[in-house]
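Q: I have a structure open in front of me and I'd like to learn how to read it. Could we go through some features together?

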Amino acid sequence: MNIILLGPPGAGKGTQSAGLVERHGMKQLSTGDMLRAAVKEQTPVGLAAKAVMDRGELVSDEIVSSLIDENLAALDTGTGAIFDGYPRTAAQGEQLDELLAKHGRTLDHVIELEVNVDALVERITGRFSCGNCGALYHDTANPPAKDGVCDVCGSTEFKRRPDDNEETVRTRMDEYRAKTAPILPAYEARGLVARIDGMAGIDEVAGAIDAVLAG
Ligand code: AP5
Ligand code: MG
């Protein structure tokens with residue numbers, strides 16, 4: 001099974017991907033995570049992407065599609081892929097169709113997490129993650145069970161993303177509205193879109209996603 005998780009910044013794509021990996025052994029392919037890793041390692045891709053990401057704008061279609069290509073090539077054919085934060089433009093949608101064909105995969109579902117945009121700034125500015133394993137948390141909605149200790153790996157190091165400030169979040173929202181939301185109708189015409197209330201609790205959203213996958 002191969003699925004796209006679509007939704008604006010803070011909708012819960014990363015949180016729900018982590019649950020899908022755990023429950024169904026799928027592989028999360030997050031272009032945002034791949035780009036952040038490239039920035040950290042100061043690869044040529046990372047050096048080209050850093051300033052663009054810090055502004056909240058979109059990195060070039062060629063860069064993100066080649067990252068997806070490399071990751072699909074390395075993925076066992078029996079393991080389902082979760083596309084998290086990709087595709088984000090009409091061109092990336094076309095490139096994904098070509099890459100799926102190239103790697104012998106088909107797209108099963110496009111799951112849109114519907115959210116109230118006003119609530120997202122609060123979600124994003126409250127977000128932090130484990131510095132060791134990357135587990136995602138929120139100051140109030142999803143803190144670790146024991147304050148200051150990661151539930152997953154026990155690390156006490158946490159970090160926040162440089163693009164998680166109010167000004168950059170607004171640009172990221174604008175980019176989503178202008179370039180990403182318009183790719184949905186094409187998937188709708190193919191009968192692939194399921195809409196889920198992303199404002200519900202994390203477990204409830206997970207249950208709704210599982211219902212789509214089972215149906
Ligand atoms: P990316 O990393 O993809 O960021 P994004 O799309 O802005 O999405 P986020 O990761 O901010 O949100 P999310 O939906 O994953 O929410 P999360 O689960 O963390 O992209 C970053 C940048 O990289 C882009 O701006 C661009 O520059 C570049 N880029 C990446 N992909 C690209 C592409 N394809 N093309 C071009 N450029 C690209 O949840 C957020 C918070 O809310 C967390 O704290 C979480 O604990 C909490 N939370 C989650 N669900 C719930 C819930 N149901 N109730 C309450 N709290 C919740
Ligand atoms: Mg994310």
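A: Sure, let's begin with strand pairing. Leu29 stands opposite Phe83 in E3. Keep in mind that this is a predicted model.

Q: How many bridges join strand E2 to E3, and do they run parallel or antiparallel?

A: Strand E2 covers residues 27-30, and four bridges join it to E3 in a parallel run.

Q: What is the bridge partner of Ile4 in E3?

A: That's Phe83 again. Ile4 belongs to strand E1, residues 3-6, which pairs with E3 over three bridges, also in the parallel sense.

Q: Which way do the residues of strand E3 point?

A: Look along residues 81-84: Ala81 and Phe83 point one way, while Ile82 and Asp84 point the other way. All of them are buried.

Q: Is Ala81, in strand E3, buried or exposed?

A: The cut-off for buried is under 20% relative accessible area. Ala81 has 0%, so it counts as buried. Leaving aside neighbours within four places in sequence, its contacts include Met1, Ile3, Met26, Leu29, Leu72 and Arg105. You can also try a distance here: the C-alpha atoms of Ala81 and Gly215 are separated by 18 Å, and these residues are 134 apart along the chain.

Q: What about the loop after E3? Which peptide bond is cis?

A: Find the bond from Tyr86 to Pro87, which is cis with omega near 0 degrees. Pro87 sits in the loop between E3 and helix H5, residues 90-102.

Q: What should I notice about the phi of Gln42?

A: Phi of Gln42 is near 55 degrees, which is a positive value in a residue other than glycine. You'll find Gln42 in the loop between helix H2 (31-41) and helix H3 (44-55). As for accessibility, the cut-off for exposed is over 50%, so Gln42, at 58%, counts as exposed.

Q: How do people describe two packed helices?

A: The general idea is to give the angle between their axes and the distance between the axes. Here, helix H6 (residues 117-125) and helix H7 (residues 166-180) pack at about 135 degrees, with axes 10 Å apart. That angle makes H6 oblique to H7. The crossing, as H6 passes H7, is right-handed.

Q: Which residues make the contact between H6 and H7?

A: From H6, take Val117, Leu120, Val121, Ile124 and Thr125. From H7, take Glu166, Val169, Arg170, Arg172, Met173 and Arg177. Sorted by character, the residues of this contact are six nonpolar, one polar and four charged.

Q: There's another sheet I'd like to read. In what order do the three strands of the open sheet come?

A: The order is E6-E5-E7, and the pairing is antiparallel. E6 (136-138) and E7 (158-159) stand at the edges with a single partner strand each, so one side of each is left without a neighbour in the sheet.

Q: How many bridges join E5 to E6?

A: Three bridges join E6 to strand E5, residues 127-130, and the two run antiparallel. To find one place to look, start at Arg127, which stands opposite His138 in E6.

Q: Where does Ser155 lie, and is it buried or exposed?

A: Ser155 lies in the loop between E6 and E7. Its relative accessible area is 13%, so Ser155 is buried. Setting aside neighbours within four places in sequence, Ser155 is in contact with Cys130, Asn132, Gly148, Val149 and Cys150.

Terms used. Residues are numbered from 1 along each chain as its sequence is written. Chains are lettered from A and ligands numbered from 1 in the order in which they are written. This is a predicted model: local features need pLDDT of at least 70, side-chain atom pairs count only at pLDDT 80 or more; totals for chains, interfaces and linings use all residues. Side-chain values use heavy atoms; hydrogens and water are left out. Axes are lines fitted to C-alpha atoms, for helices over the stretch in contact, and angles run from 0 to 180 degrees between N-to-C directions. Angles under 35 degrees count as roughly parallel, over 145 as roughly antiparallel, 65 to 115 as roughly perpendicular and the rest as oblique. A crossing is left-handed if the near helix is turned anticlockwise from the far one by less than a right angle, and right-handed if clockwise. Contact means heavy atoms within 4.5 Å. Ala, Val, Leu, Ile, Met, Phe, Trp, Tyr, Cys and Pro count as nonpolar, Asp, Glu, Lys and Arg as charged, and the others, Gly among them, as polar. Two strands pair if DSSP finds at least two bridges between them. Buried means under 20% relative accessible area, exposed over 50%, partly exposed in between (1.4 Å probe, protein chains only).
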